Each structure stands twice: as structure tokens, then as C-alpha cells.
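Thank you all for making the time; I would like to walk through one model with you, going from a single contact outwards to the overall arrangement. Please keep the structure open while I talk.

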Amino acid sequence: MRRATPTPEPSGKDRRGLGVSNKSALNKLYWTRISLGVIAAFAAEGVFRILGGDYTDGLLVGILVYLASYYLARYTWFRNVEREKVSKVYSTGIGGYVMLFLFVWILLFTLGV
């Protein structure tokens, strides 16, 4: 009678999901989105000043930058993520992004830069 030998667990890039190897990628994603929040606020203020429109143009800039960061991260750092864990990529850093975007944009608007 032969016993089946257990197959070793795949490691590194072969593993699917958000394992230990992707923790640093999530950390990178978080800080990238924090940085993009500040950059998007400056861009939103620039669009607001140049177009002379209302605040919806600035909000549109913020939303587009966040969506661009999602697609960039999804198809570069997190290509092999399982479908069930894609929401982790989408939601990482969203609170910090929104709060920093609004804070910097309001500060720039108030200062009249």
C-alpha cells in the first residue's frame, strides 16, 4: 500500500492571494495613495483655478486619480490576486487618500495659492 506524499505549499510568486509576500506591496500601495492624495489636491486646485468652474471639477480629478491608482496597482503589483481579495486592493488607503486630499485641497483654496 502506497501513501500519497503531500504536495509542498507553493511559495513566493506561485501563491495566490494576499500572503506575506504581498504585505510590503500593500504597504507600498498605501503610501503611494497617500502621496497621490496630496498631488491630486494640487491638481484639483489647478483645475479649479484654470477652468474657473465649481468644486465638482476638483472632485472629479480626485476620483480619477484614485481610480487610476487602483488600476495601476491591480495590474502591476497585484496581478495574481484571487477575485475574492480584490477588494483589499481597492480599499487599501482610501480613508487616508480622501482625508488628505480634502485637507490639502481646502488648505490651498483657503490660502488662495
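How many salt bridges does a search of the whole structure find? Before I answer, please bear in mind that this is a predicted model. The search finds one salt bridge, and it is formed by Glu 45 with Arg 49, whose closest N and O atoms are 2.6 Å apart. As a general matter, side chains of opposite charge can pair when their charged atoms come close. Both Glu 45 and Arg 49 belong to helix H1, where they are four residues apart, or about one turn of the helix. Their surroundings are worth stating separately: Glu 45 counts as buried, because its relative accessibility is 3%, while Arg 49, with a relative accessible area of 41%, is partly exposed.

Let me now step back to the fold. The protein has four helices and zero strands, and, read along the sequence, it follows the pattern α-α-α-α. Of its 113 residues, 29% count as buried. If we take the contacts with a separation of 6 or more, 77% of them are accounted for by residues 24 or more positions apart.

Next, the interior. The largest nonpolar core has 10 residues in all, among them Ala 40, Val 61, Tyr 66, Phe 101 and Trp 105. Helix H1, which covers 23-51, helix H2, which covers 55-76, and helix H4, which covers 94-111, each supply at least two residues of this core. The largest share, five residues, comes from H4. There is also a second, separate core of nine residues, which includes Leu 26, Ala 73, Val 81 and Val 86.

I would like to spend a little longer on H2. Does its length fit what one would expect, or in other words, what should the 22 residues of H2 span at 1.5 Å a residue? The expected span is 32 Å, and the end C-alpha atoms of H2 are 32 Å apart, so the two agree. Among the buried residues of H2 are Gly 58, Val 61, Gly 62, Tyr 66, Ser 69 and Arg 74, and what covers the buried residues of this helix includes H1, helix H3, at 86-91, and H4.

Two of those residues can be looked at one by one. Tyr 66, leaving aside its neighbours within four places in sequence, is in contact with Arg 33, Tyr 90, Ser 91, Thr 92, Ile 94 and Tyr 97. Ser 69, which also has its place in helix H2, counts as buried because its relative accessibility is 6%; with neighbours within four places in sequence again left aside, Ser 69 is in contact with Arg 33 and Leu 36.

That brings me to the aromatic residues. A search of the whole structure finds nine aromatic pairs. One of them is the stacked pair of Tyr 71 and Tyr 75, at 6.4 Å centre to centre and with 0° between the planes. These two tyrosines are separated by about one helical turn, because they are four residues apart in helix H2. Tyr 71 is partly exposed, with a relative accessible area of 46%, whereas Tyr 75, at 54% relative accessibility, counts as exposed. Over the ring of Tyr 75 sits the charged end of Arg 74, 5.7 Å from the ring centre. Both tyrosines belong to one aromatic cluster, which also includes Tyr 66, Tyr 90, Phe 101 and Trp 105.

Finally, I want to point to two places where residues distant in sequence come together in the model. Gly 93 lies in the loop between H3 and H4 and is buried, with a relative accessible area of 9%. Gly 93 and Arg 33 are 60 residues apart in sequence, and their C-alpha atoms are 6.1 Å apart in space. Not counting residues up to four places away in sequence, Gly 93 touches Tyr 30 and Arg 33. Trp 31, for its part, has its place in helix H1 and is exposed, with a relative accessible area of 52%; Trp 31 and Tyr 97 are 66 residues apart in sequence and 9.3 Å apart in space, C-alpha to C-alpha.

I will stop there and take your comments.

Technical notes: Residues are numbered from 1 along each chain as its sequence is written. This is a predicted model: local features need pLDDT of at least 70, side-chain atom pairs count only at pLDDT 80 or more; totals for chains, interfaces and linings use all residues. Side-chain values use heavy atoms; hydrogens and water are left out. A nonpolar core is a set of buried Ala, Val, Leu, Ile, Met, Phe, Trp, Tyr and Cys residues joined through side-chain atoms within 4.5 Å. Buried means under 20% relative accessible area, exposed over 50%, partly exposed in between (1.4 Å probe, protein chains only). Contact means heavy atoms within 4.5 Å. Rings of Phe, Tyr and Trp (its six-membered ring) pair if their centres lie within 6.5 Å; planes under 30 degrees apart count as stacked, over 60 as edge-to-face and the rest as tilted. A charge sits over a ring if NZ of Lys or CZ of Arg is within 6 Å of the ring centre and within 35 degrees of the ring normal. A salt bridge is a side-chain nitrogen of Lys or Arg within 4 Å of a carboxyl oxygen of Asp or Glu. The expected span of a helix is 1.5 Å times one less than its number of residues.
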